[in-house]
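Let's take a walk through this protein chain together. Have the structure open and follow along as we go.

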Amino acid sequence: MFGSRAKHLCRPDQRNALWEFKNEFYVEESLQYELWRNNTDCCYWDGISCDPKTGKVVLLDLKGSALNGPLRSNSSLFRLQHLHNLYLSYNYFSGTLPHSIGNLKYLRVLSLRECNLFGKIPSSLGNLSYLTDLDLSFNSFSGELPDSMSNLNRLRYLKIVSTKLSGNFPHVLLNWTELTSLDIRSNQFEGMLPCNMSTLTKLEDFEINENLFSGSIPSSLFMIPSLIQLDLGRNDFSGPLEIGNISFASKLKVLFLGENNFNGPIPGSISKLVNLSYLDLSLWNRGRGIVDFSIFLRLKSLTFLDLSYINTRSMVDTSVFSHLLMSLDYLDLSGINLKINSTLHISSSISTLSLSSCNIVEFPNGFGGSASVIQRSELQMLDISSNTFHDLPLLPNSTKFFFGSANQFSGEIPRAVCKLVSLDTLVLSNNNFSGSIPRCFKYFTRISVLHLQNNTLSGILAEGSISDYLRSLNVGHNKLSGDLPKSLVNCTELEFLNVENNRISDTFPFWLGSLPDLQILVLRSNEFYGPISSPGDSLSFPKLRLFDISDNRFTGVLPSDYFALWSAMSLVVDIVEYHTQIKYLKQLVIIDDMPSRYAERNAGNYHNSVTMTAKGLKMVLVGSGFTIFKTIDVPGIRYEGEVPESIGLLKELIVLNMSNNAFVGRIPPSLSNLTNLESLDLSQNKLSGRIPPELGTLTFLERMNFSYNRLEGAIPQGTQFQSQNSSSFAENPRLCGLLLQKTCSREEATKQDDDDEKEEDGIELDSSSYRLCTWCCVWCHHRPHSNFMYWFMRIFHSFT
């Protein structure tokens, strides 16, 4: 498994170094290496290979071994100086990569993928002149690639995916003439690509997706005869695309140019890339000109074609795709105004078809009739959302993902849907369906996403209609009644639950607290009643990010430790930290006006859309970006007692709305621990005492509302307070200060001066400008999907 074994016992110094290295880390007992025994030949230990002549360790493979602890600069690992291959991926080092890594000067392969490493990449990496394979992906490195890496002129494979590296395109790469694969996706590199890319004469795979590169794409890239895969998508490239005069038979099979800012015509020279099997030109912005679709007809090897949302002003007759439709496995024409030819047929082998927002009224016989090709196909995903269909097409039993939102479907949900027993995702939101949710949904034994919001469905959510595999359930904005089905407790993978704006009458579902992955809980605008706390028990929502229970009939008192176990909102996470696979995201707690919708782009990555009230404004957050928020929203419920002191534990809270209740007592100073808080609304309660001046240290806090309480004394002098409108403090008869044009007495002013002296000296930043800049950084760093632009613009308008 690990190469040749040594014929003789390994050297004692090698065995000791290995044994000491293992003992430098905490490893769960169940994951200890059963084959590592101190009195046996280390060359036969699991994950070890030795040179058969010298007995020196040349391979160490401990990937996925749950090593927990820092990789120290004096680690015994660096005594294994004859290592050729080092695999330490998928461990928990949680520290910097020590400079000592450069001591392993004979390394050929180094893999440190997903090890929780951070800080700068050490310049000593340039000492590894024999290195051919390097993988540092999915860590949190910062800064640029060190110039010393130009010495790695034997490097063939470089993978540094999603590591937060920045700076211009690393020109040191141009020295690596042996390079065959370069993958630096999902970083923060910027600037233009160098013109002389063709110096990489052996390059086969070039992937720079989801960075900030701009300018034009050098035609020299297409001049590399060995190139097979080219992924330039999700950047800021602009101008017309110049492929150049290709005089050789291009080997290029994969070309991803989607989601950039090209403004010229799609070059006809694409037709010369006759070996293309994968082509993505999505979101091509060409000034709404006429697209010549005939250029794709020579690409007879195509199996994947994404032309979604190319900016054409003309109606496109699908007959131009007749030839392609007979061979494609994946076709996305979303956002194009289509005229579907009545005799058009598609391949029975097509697995993915996206026709969202194509202004289609109905399928012709070739697509959706009773004996249609679709029904006989191996189709797995169909997206016909945002059209004007009146009838659901007949689908094959192979269908796993169906998106039919925002059409004109009406009447009861057809029982024929229940035959799709392979369904993973069913989205029928924003239609006119009525009647009850079919009980035959119980046959969807593997469904994970069920979205039926914004219809007029009635009746109850039957216990037997809920799949145990649900990850996301959205039935908001219907007319459902009865209890919340207790069978939801069996959905151990549930992340998103929205039942807002129905007629559900039930007590608070404490049992949902046992769901280990629940992140979004929206119960607003129903008829829930009773307390939301149980005597002697703290409510545990370990991963909850958004909590909205407003406009119900809950009553009672919130215990002081109510939020003590809401750990996801307590963990400190970098405001721009984002991982497109693992979803380490900010959280939001809102208990107010927040209808939730999903905006779907593809089956594998469905996205939530949440309408929320923050900073006194409504914002629609679309895409995956909304999850950077953490929100608690509990207005209009008539809670009594004091604001729980444990609210100060939720350090990642961004929006807190506890307005229109009956809270009494003082505003807890622990709120000053909420250093990411942007919006605070405590209005329309019975709060008394002074406003804690410590809240002035919350530099992100842009909007606060303390109106209609029984507060007293001087309004604190901090910038965060003085930038508010006077209405934020209205109807507190004993409050005073310039904002209210009410002079404070000498006693009140003296008390305020004493409070101000307790605050730390420092420079106050204009929170609105500071926060806007931060959001710009967030947008530039993330924007993993086109929907994120829409989300960002909503956020932007909320500031302006």
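How many bridges join strand β11 to strand β13? Two of them do, linking residues 188-191 of β11 to residues 212-215 of β13, with the strands running parallel. Keep in mind that you're looking at a predicted model. If you want a spot to check this pairing, G191 sits opposite F213 in β13.

Now move on from β13 to strand β15, a short stretch covering residues 236-237. Here too the pairing is parallel, again over two bridges. Look for S214, which stands opposite D236 in β15, and for G215, which faces F237 in that strand.

Put those pieces together and you get an open sheet of four strands, in the order β9-β11-β13-β15, paired in parallel. Why do β9 and β15 each have one side without a neighbour in the sheet? Both stand at the edges and have a single partner strand each, so one side is left free of a neighbour.

Next, let's turn to the aromatic rings. Searching the whole structure turns up 25 aromatic pairs. One of them is F304 with Y330, a stacked pair whose centres are 3.9 Å apart, with 10 degrees between the planes. This pair links distant parts of the chain: F304 belongs to strand β18 (residues 304-306), Y330 belongs to strand β20 (residues 330-332), and 26 residues separate the two. Both F304 and Y330 are buried.

Another stacked pair is F706 with F729, at 5.9 Å centre to centre and 25 degrees between the planes. These two sit in loops: F706 in the one between β47 (703-705) and β48 (710-714), F729 in the one between α5 (719-722) and β49 (734-736), so the pair ties together parts that are 23 residues apart in sequence. Are these rings buried or exposed? F706 has 0% relative accessibility, so it counts as buried. F729 comes in at 1%, so that ring counts as buried as well.

Rings can also join up into bigger groups. Ring pairs link F508, F510, F528, F541, F547, F554, Y562, F563 and W566 into a cluster.

Finally, have a look at where charges meet rings. K63 lies over the face of Y87, 5.2 Å from the ring centre. Over at Y469, it's the charged end of R446 that sits above the ring, 3.9 Å from its centre.

How values were computed
Residues numbered from 1 in each chain as written. Predicted model: local features only at pLDDT ≥ 70, side-chain atom pairs only at ≥ 80, totals over all residues. Heavy atoms only, no water. Pairing = 2+ DSSP bridges. Phe/Tyr/Trp six-rings, centres within 6.5 Å; stacked < 30°, edge-to-face > 60°. Buried < 20%, exposed > 50% of the residue type's maximum accessible area, 1.4 Å probe, protein only. Lys NZ or Arg CZ within 6 Å of the ring centre and 35° of its normal.
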